[in-house]
Amino acid sequence: MHDEPIDPFNGDPADPAAGLHDPGDDDALDPLSEVERQDVLEDLADLEIYQALLQPIGVRGLVIECEDCREPHYFDWDLLRGNLRHLLNSGRPRVHEPAYDPDPDHYVSWDYARGYADGVHDTLTEGTDDSAQE
């Protein structure tokens with residue numbers, strides 16, 4: 001299983017994109033620092049929790065305000081997970097485009113997902129805190 005689409009022209013001498021600039025040819029980016037790697041790993045762990053809690057109620061993924069284009073980008077769970085893994089492995093983010101005609105009602109922000117998960121956690125631990133104090 002691949003995290004990103006397979007190039008159907010890989011190795012084909014008639015590849016229509018063969019003459020285009022390959023971003024992989026750019027000077028190597030600095031690898032992620034340990035702090036940055038840890039942040040990405042934490043995001044991946046959080047994403048698993050958010051998906052487990054939110055997908056059953058119809059949330060398809062997360063919306064992220066793009067700093068480059070100042071537009072919201074809608075990512076389904078698997079695409080966002082693949083993007084984070086790509087960043088972790090390569091040290092560079094993927095090139096992105098906004099999703100075509102997404103329904104914003106099916107996506108939530110990282111902050112909303114975090115708050116929802118915190119609320120579920122607090123609700124589940126309320127009963128155990130009360131019984132421990134007695």
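This passage walks through the sheet, the aromatic pairs and the largest pocket of a predicted model.

A good place to start is the sheet. Three strands make up this open sheet, arranged in the order β2-β1-β3, and their pairing is mixed. The word "mixed" becomes clear when each pairing is taken in turn. Strand β1 (residues 61–65) runs antiparallel to β2, and five bridges join the two. Between β1 and β3, in contrast, the strands run parallel, with three bridges joining them. The strands β2 and β3 stand at the edges and have a single partner strand each, so one side of each is left without a neighbour in the sheet. On average, neighbouring strands of this sheet are turned by 35° against each other, direction ignored.

Leu62 is a helpful residue to find in the structure, as it has a counterpart on either hand. Its bridge partner in β2 is Phe75, and in β3 Leu62 stands opposite Val108. The hairpin of β1 and β2 has six residues between the strands, and here Arg70 takes a positive phi near 60°.

Next come the aromatic rings, which form three pairs in the structure. One of them joins Tyr50 and Trp110, with 5.7 Å from centre to centre and 75° between the planes, an edge-to-face arrangement. Tyr50 belongs to helix α1 (residues 34–54) and Trp110 to helix α3 (residues 110–133), so this pair ties together parts that lie 60 residues apart in sequence. Both Tyr50 and Trp110 are buried.

Another pair brings the discussion back to the strands. The ring centres of Tyr74 and Tyr107 are 5.1 Å apart and the planes meet at 70°; because an angle over 60 degrees counts as edge-to-face, this pair is edge-to-face too. Tyr74 sits in strand β2 (residues 72–76) and Tyr107 in strand β3 (residues 107–109), so the pair links parts 33 residues apart in sequence. Tyr74 and Tyr107 are likewise buried.

Finally, there is the largest pocket, whose volume is about 710 Å³. Its lining consists of 20 residues, of which Ile64, Phe75, Leu80, Leu87 and Pro93 are the closest to the centre. Phe75 is thus a residue to look at twice, being also the bridge partner of Leu62 in β2. Two or more lining residues come from each of α1, β1, β2, α2 (77–90) and α3. The element that gives the most is α2, with four residues. Sorted by character, the lining holds ten nonpolar, three polar and seven charged residues.

Notes
Residues numbered from 1 in each chain as written. Predicted model: local features only at pLDDT ≥ 70, side-chain atom pairs only at ≥ 80, totals over all residues. Heavy atoms only, no water. Phe/Tyr/Trp six-rings, centres within 6.5 Å; stacked < 30°, edge-to-face > 60°. Buried < 20%, exposed > 50% of the residue type's maximum accessible area, 1.4 Å probe, protein only. Pairing = 2+ DSSP bridges. 1 Å grid on protein atoms, 1.4 Å probe; cavity = no way out; pocket = protein on both sides within 12 Å on 5 of 7 lines; lining within 4 Å. Points joined across faces, edges and corners; volume = space filled by probe spheres on them. Nonpolar A, V, L, I, M, F, W, Y, C, P; charged D, E, K, R; others polar. Axes fitted to C-alpha atoms, helices over the stretch in contact; angles between N-to-C directions.
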